[in-house]
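Visitor: I would like to go through this model slowly and hear the reasoning behind each term that is used for it.

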Amino acid sequence: MKAAPRETEFVRAAAPSRPSTTSSAPSPAHLPLEAAGVADQLSAADIVYAGRQARRHGVGMDETLIANGMVSPDDLARGAARTLSIPFEPLDDGTAITLSRPHFKDIAALLRTGLMRRFDGGIVTAARGPQLRQLAAVLAQQPRLRRQVSLTTPERLSAFVRRRFAQQIGWNAVNALGQREPGLSAASLHASRYVFALLAVASAALLLTLNIVSVPGTLALVSLLALLLLGGAAIKLTACTLPAASAPPPLRKDDELPYYSLIVPLYREASVVPQLIRAIDAIDYPREKLQILLAVEPDDHATVAALATHAVRPGFEVIVSPAIGPRTKPKAMNAALPFARGAIVGIYDAEDVPDPLQLRRACALFLGPRGARIGCVQACLAIDNLADSWITRQFAAEYAAHFDVVLPMLGAYRLPLPLGGTSNHFRRAAIEAIGAWDPHNVTEDAEIGVRLAGAGWRTAVIASATDEEAPRRIGGWMRQRTRWYKGWMQTLLVHGRRPARLAGGAGWTGTLALLFMLGSGLAAALLHPFLVLSVLIDLFVQHGTDASAAVAALDAVGLSVMLIGYGSAALTTVIGMRRRRVPGLWGVLALMPLYWLMMSAAAWRAVLHLVIAPHRWEKTEHGLARTSRRRALLLRKAAPRGSGAARRQPRPADA
């Protein structure tokens with residue numbers, strides 16, 4: 001019996017390399033190996049077009065044929081197998097293939113390398129493009145290996161892994177971070193949740209009674225509160241002094257663009273699936289290098305049916321999140337991440353309509369001279385349905401202040417920042433190095449931004465907008481904002497236990513900036529009505545001559561919140577609305593006090609949920625917008641000439 005081939009030979013064979021861009025366009029008689037087996041299915045025009053696009057994008061010709069719907073992946077793999085004189089492996093349910101150790105790291109390695117060993121010692125490889133050429137070179141040097149190597153497609157390998165190892169993938173999605181770093185998962189929050197709730201209630205009660213009763217130690221509490229609130233205001237005021245950020249020029253050289261994976265978690269989103277697919281199709285990025293992973297829940301049959309109808313072109317993959325652990329967005333993304341083949345992983349929500357050049361702009365930063373330590377690029381979020389109600393207009397103004405004024409300043413000064421829930425573009429090596437998302441944190445975006453900073457990765461902010469839909473009614477707004485506040489509380493409790501770890505990567509200045517960003521926002525939301533009420537009581541209730549210093553300090557804090565807090569918030573709102581060109585400035589400012597009271601109600605509701613339902617994910621319904629400001633314009637926008645976005649549409653029979 002011949003010895004089994006060494007797997008290292010095939011690992012080297014699977015290593016990607018860039019095809020030559022200097023050779024002439026291929027002809028039917030001189031097709032590259034990866035396309036030679038389907039020459040009879042291609043016209044001369046197809047061959048010329050596919051060869052030109054492959055050289056332009058720096059990919060294999062088979063990748064171009066698949067992306068343009070000219071040939072199916074199975075036909076290409078079968079043709080390549082015939083050319084190499086090796087069998088094609090369908091990887092169906094009867095395939096006698098498994099892993100000697102079905103641990104997640106072995107499953108992840110299988111998906112990464114595309115290599116799998118059969119029970120008989122043979123090797124199955126999911127090679128494509130330049131990998132096939134390298135495999136052919138190995139087989140030419142060692143013909144004996146042809147008896148032990150079979151070829152499949154990356155699509156079949158992915159489907160096989162989803163069927164065979166769903167439980168292991170689901171378990172890892174839920175428990176990996178907790179096992180790796182138990183103290184960094186919100187699942188480890190037990191008594192601290194109750195302590196936080198008691199402190200919040202006690203602080204509110206103390207602020208109300210301080211005008212009447214002097215309690216020892218309250219002066220220190222009021223001073224710390226003043227420092228926290230004024231620190232948050234100082235960040236906003238500093239941000240107002242910087243000019244508007246300009247969008248980085250997009251990276252235009254298609255052969256230099258990295259492979260990109262987009263993860264889109266969906267749950268009960270059937271109504272917005274058509275819009276989502278149109279928005280993704282409008283993205284200016286080579287289809288050969290763009291993978292879209294649509295993460296769905298196992299019982300969401302309506303969304304799955306909508307995807308089966310609309311997400312039909314090559315490049316889309318539906319990943320079913322296993323029914324294990326909490327049903328949260330971060331768990332679904334963790335389940336999809338192992339299937340991502342791109343060096344960059346982007347996150348979008350179902351209702352998003354991103355700037356078509358956003359991926360190219362992000363790549364310009366990742367591949368730029370200062371991009372080596374950039375772990376994430378955060379794009380700006382803008383509210384599209386701002387005319388739906390006064391709530392959506394307040395939401396639009398709030399987003400404009402946050403994403404167009406405050407976050408660019410934090411990024412410019414290389415300070416850590418709480419990420420937005422979408423339009424984050426991660427360096428895959430960075431997100432895998434920190435253990436991916438925390439499935440038990442209901443504001444996974446802010447939390448992972450903190451862990452990236454703690455690990456020494458930098459987050460950049462780009463002036464590239466993604467249109468989003470805001471809840472137009474108070475019920476939907478309240479549920480969404482409750483989830484946000486609860487997640488920020490979880491994040492502060494988790495990382496507040498080990499501030500030195502965060503400071504080790506972000507520095508103490510960055511740690512304080514993050515504390516002011518999250519801590520002051522929570523403190524202001526929770527205590528704002530009580531501080532305002534205390535000031536009003538002070539105005540109408542006469543104090544005796546023996547009024548305590550704590551009462552005077554409380555008065556100072558209350559006035560600071562009323563003046564500096566409102567002032568900094570109003571100033572960032574004005575600047576943000578002008579930069580984002582959001583109309584209705586005076587109406588927004590007039591209703592801001594009412595909006596702040598709504599945020600306070602959501603914050604206290606979050607405290608209750610932190611105690612009784614810490615990991616419950618309150619779903620935000622989408623597809624309810626009645627107005628749209630820019631979506632139609634973005635979806636009709638033509639790709640810039642020479643960008644590499646122009647491509648053939650798939651043939652009707654193949655689509």
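Visitor: In which sense do strand E9 and E11 pair, and over how many bridges?

Guide: In this predicted model, strand E9 (residues 374-383) runs parallel to E11, and nine bridges connect the two. Within that pairing, glutamine 378 stands opposite valine 461 in E11.

Visitor: What makes E8 and E11 a pair of strands?

Guide: A pair requires at least two bridges between the strands. Strand E8 (residues 353-354) is joined to E11 by two bridges, the strands running antiparallel, so the requirement is met. Here valine 353 is the residue opposite aspartate 467 of E11.

Visitor: Why is E11 described as largely enclosed by the rest of the structure?

Guide: A residue counts as buried under 20% relative accessible area. In strand E11 (residues 458-468), 10 of the 11 residues are buried, and therefore the strand is largely enclosed by the rest of the structure. Helix H16 (residues 390-412) lies across both E9 and E11, at about 155 degrees to E9.

Visitor: Why are E6 and E8 said to stand at the edges of the sheet?

Guide: The open sheet has eight strands, ordered E6-E5-E4-E7-E10-E9-E11-E8, with mixed pairing. Strand E6 (316-320) and E8 each have a single partner strand, so one side of each is left without a neighbour in the sheet. H14 packs on this sheet, where it touches E4, E5, E6 and strand E7 (344-347), and its direction makes about 145 degrees with that of E4.

Visitor: Why is H9 called oblique to H14?

Guide: Helix H9 (residues 166-180) and helix H14 (residues 329-336) pack at an angle of about 130 degrees, their axes being 8 Å apart. Roughly perpendicular covers 65 to 115 degrees and roughly antiparallel begins over 145, and the angle of about 130 degrees belongs to neither range, which means that H9 is oblique to H14. The crossing of H9 past H14 is right-handed.

Visitor: Which residues of H9 and H14 meet?

Guide: From H9 come Ile169, Ala173 and Val174, and from H14 come Lys331, Asn334 and Ala335. By class, this contact of H9 with H14 has four nonpolar residues, one polar and one charged.

Visitor: How do you know whether serine 150 is buried or exposed?

Guide: Serine 150, which lies in strand E3 (residues 149-151), has a relative accessible area of 1%. The limit for buried is under 20%, so serine 150 is buried. Apart from neighbours within four places in sequence, the contacts of serine 150 include Ile86, Glu89, Arg118 and Thr125.

Terms used:
Residues are numbered from 1 along each chain as its sequence is written. This is a predicted model: local features need pLDDT of at least 70, side-chain atom pairs count only at pLDDT 80 or more; totals for chains, interfaces and linings use all residues. Side-chain values use heavy atoms; hydrogens and water are left out. Axes are lines fitted to C-alpha atoms, for helices over the stretch in contact, and angles run from 0 to 180 degrees between N-to-C directions. Helices (H or I, at least four residues) and strands (E, at least two) are DSSP runs, numbered from the N terminus. Angles under 35 degrees count as roughly parallel, over 145 as roughly antiparallel, 65 to 115 as roughly perpendicular and the rest as oblique. A crossing is left-handed if the near helix is turned anticlockwise from the far one by less than a right angle, and right-handed if clockwise. Contact means heavy atoms within 4.5 Å. Ala, Val, Leu, Ile, Met, Phe, Trp, Tyr, Cys and Pro count as nonpolar, Asp, Glu, Lys and Arg as charged, and the others, Gly among them, as polar. Buried means under 20% relative accessible area, exposed over 50%, partly exposed in between (1.4 Å probe, protein chains only).
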